[in-house]
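Me: Please take a close look at one part of this model: the helix that lends residues to both the enclosed space and the open pocket. I would like the side-chain contacts described along with it.

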Amino acid sequence: MRKIITAPTDIEDNLYAQGLSPVAGVDEVGRGPLAGPVVACAIILPKIEIAGINDSKKISAKRREELAAQLKEVAVSYAFGIIQPEEIDRINILQATLKAMAEAVAGLEIAPKIALVDGISAPDCICPVRCVKNGDSASRIIAAASILAKVMRDNMMQDLHRRYPEYAWDTNKGYGTAAHIEAIRRHGLTPAHRRSFCKSHETNRL
């Protein structure tokens, strides 16, 4: 039997007390990079805690991988929503983020009674949504979603790095580091770049 380290956060406890179960946590990663997709995750967890769950940005890459494996093992259900650069350019990053979140919730095998979403903008989901500012720090289930989304996107950027090694996406994950911007100026844009994010750096397209 898995040890309960701490109870779910007050946000989730209050929802459970109202009979709103299951609860899904939803978060996204990849709003700011110059390249790669935006990835959202929705997850439903049992009422237990795994030690170390926190905002994915506050956890090392190795620990994120470990926690992601544990979360997948115990999750009632989880799903991803992935929006590629071409669509990000077409509908803008905010709409792409909201669409990714809605797709992740829709992909769950069990329909949640409510979704806790990180941030202040609510996606159009199949269930009621409650936005939680700084949710990946305030809610363990949103933090869990942030970990799975981050690991998924990082793995996707590793795959893209193998196709386009000049841009060092294995380390910068598509963000606008000085080396990444210099690579754009030297080699141009790839199909994995967000053209709307790269206008000041663009030279050509691969």
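Reply: What follows starts from the cavity, moves to the pocket, and then goes through the charged and aromatic contacts. The model is a predicted one.

The search of the whole structure returns one cavity of 30 Å³ or more. The space inside this largest cavity comes to about 50 Å³. Its lining is made up of Leu45, Pro46, Ile48, Glu49, Ile50, Ile53, Leu71, Val74, Arg140 and Ala144. Two elements give two or more residues to that lining, namely α2 (61-74) and α6 (140-163). By class, eight of the lining residues are nonpolar, none is polar and two are charged.

Helix α6 also takes part in the largest pocket, whose volume is about 220 Å³. This pocket is lined by 14 residues, and the closest to its centre are Glu28, Val29, Gly30, Lys57 and Tyr175. At least two lining residues come from β1 (23-29), and at least two from α6. The top contributor is α6, which gives four residues to the pocket lining. The class make-up here is two nonpolar, three polar and nine charged residues. For the cavity, the corresponding split is eight nonpolar, no polar and two charged.

Arg140 deserves a separate word, as a residue of the cavity lining. Its side chain meets that of Glu12 in a salt bridge, with an N to O distance of 3.0 Å. Glu12 belongs to helix α1 (residues 10-17) and Arg140 to helix α6, so this pair ties together parts that are 128 residues apart in sequence. Glu12 counts as buried because its relative accessibility is 0%. Arg140 counts as buried as well, because its relative accessibility is 6%. In general, side chains of opposite charge can pair when their charged atoms come close.

The structure holds 10 salt bridges in total. Two others have Glu87 as a partner. In one, the side chain of Glu87 meets that of Arg90 at 3.4 Å, N to O. These two residues are three apart in helix α3 (residues 85-91), which means that about one helical turn separates them. The two ends of the pair fall in different burial classes: Glu87, at 18% relative accessibility, counts as buried, while Arg90, at 62%, counts as exposed. The cut-offs behind these labels are under 20% for buried and over 50% for exposed.

In the other, Lys99 and Glu87 meet through their side chains at 2.4 Å, N to O. Lys99 is in helix α4 (residues 93-106) and Glu87 in helix α3, so the pair links distant parts of the chain, 12 residues apart. Lys99 has a relative accessible area of 33% and is partly exposed. Elsewhere, salt bridges with shared partners join Arg64, Lys150 and Asp154 into one network.

The aromatic contacts come next. There are three aromatic pairs in the structure. One of them is formed by Tyr78 and Phe80, which are edge-to-face, with 6.0 Å centre to centre and 75° between the planes. Tyr78 is partly exposed, with a relative accessible area of 31%. Phe80 is partly exposed too, its relative accessible area being 22%. A further pair, Tyr164 with Trp169, is also edge-to-face, with centres 5.9 Å apart and planes at 70°. Both of these residues, Tyr164 and Trp169, are buried. Ring pairs also bring in Tyr167, giving a cluster of Tyr164, Tyr167 and Trp169.

Charged groups also sit over rings at two places. Lys47 lies over the face of Tyr16, 4.4 Å from the ring centre. At Phe197, the charged end of Arg194 sits over the ring, at 5.1 Å from its centre.

Returning to the helix in the request, α6 gives two or more residues to the cavity lining and four to the pocket lining. Through Arg140, α6 is also tied to α1 by the salt bridge with Glu12.

How values were computed. Residues are numbered from 1 along each chain as its sequence is written. This is a predicted model: local features need pLDDT of at least 70, side-chain atom pairs count only at pLDDT 80 or more; totals for chains, interfaces and linings use all residues. Side-chain values use heavy atoms; hydrogens and water are left out. On a 1 Å grid over the protein atoms alone, a cavity is a set of points where a 1.4 Å probe fits but cannot get out, and a pocket is an open set with protein on both sides within 12 Å along at least five of seven lines; lining residues have an atom within 4 Å of a point. Grid points are joined across faces, edges and corners, and a volume is the space filled by probe spheres set on the points. Ala, Val, Leu, Ile, Met, Phe, Trp, Tyr, Cys and Pro count as nonpolar, Asp, Glu, Lys and Arg as charged, and the others, Gly among them, as polar. A salt bridge is a side-chain nitrogen of Lys or Arg within 4 Å of a carboxyl oxygen of Asp or Glu. Buried means under 20% relative accessible area, exposed over 50%, partly exposed in between (1.4 Å probe, protein chains only). Rings of Phe, Tyr and Trp (its six-membered ring) pair if their centres lie within 6.5 Å; planes under 30 degrees apart count as stacked, over 60 as edge-to-face and the rest as tilted. A charge sits over a ring if NZ of Lys or CZ of Arg is within 6 Å of the ring centre and within 35 degrees of the ring normal.
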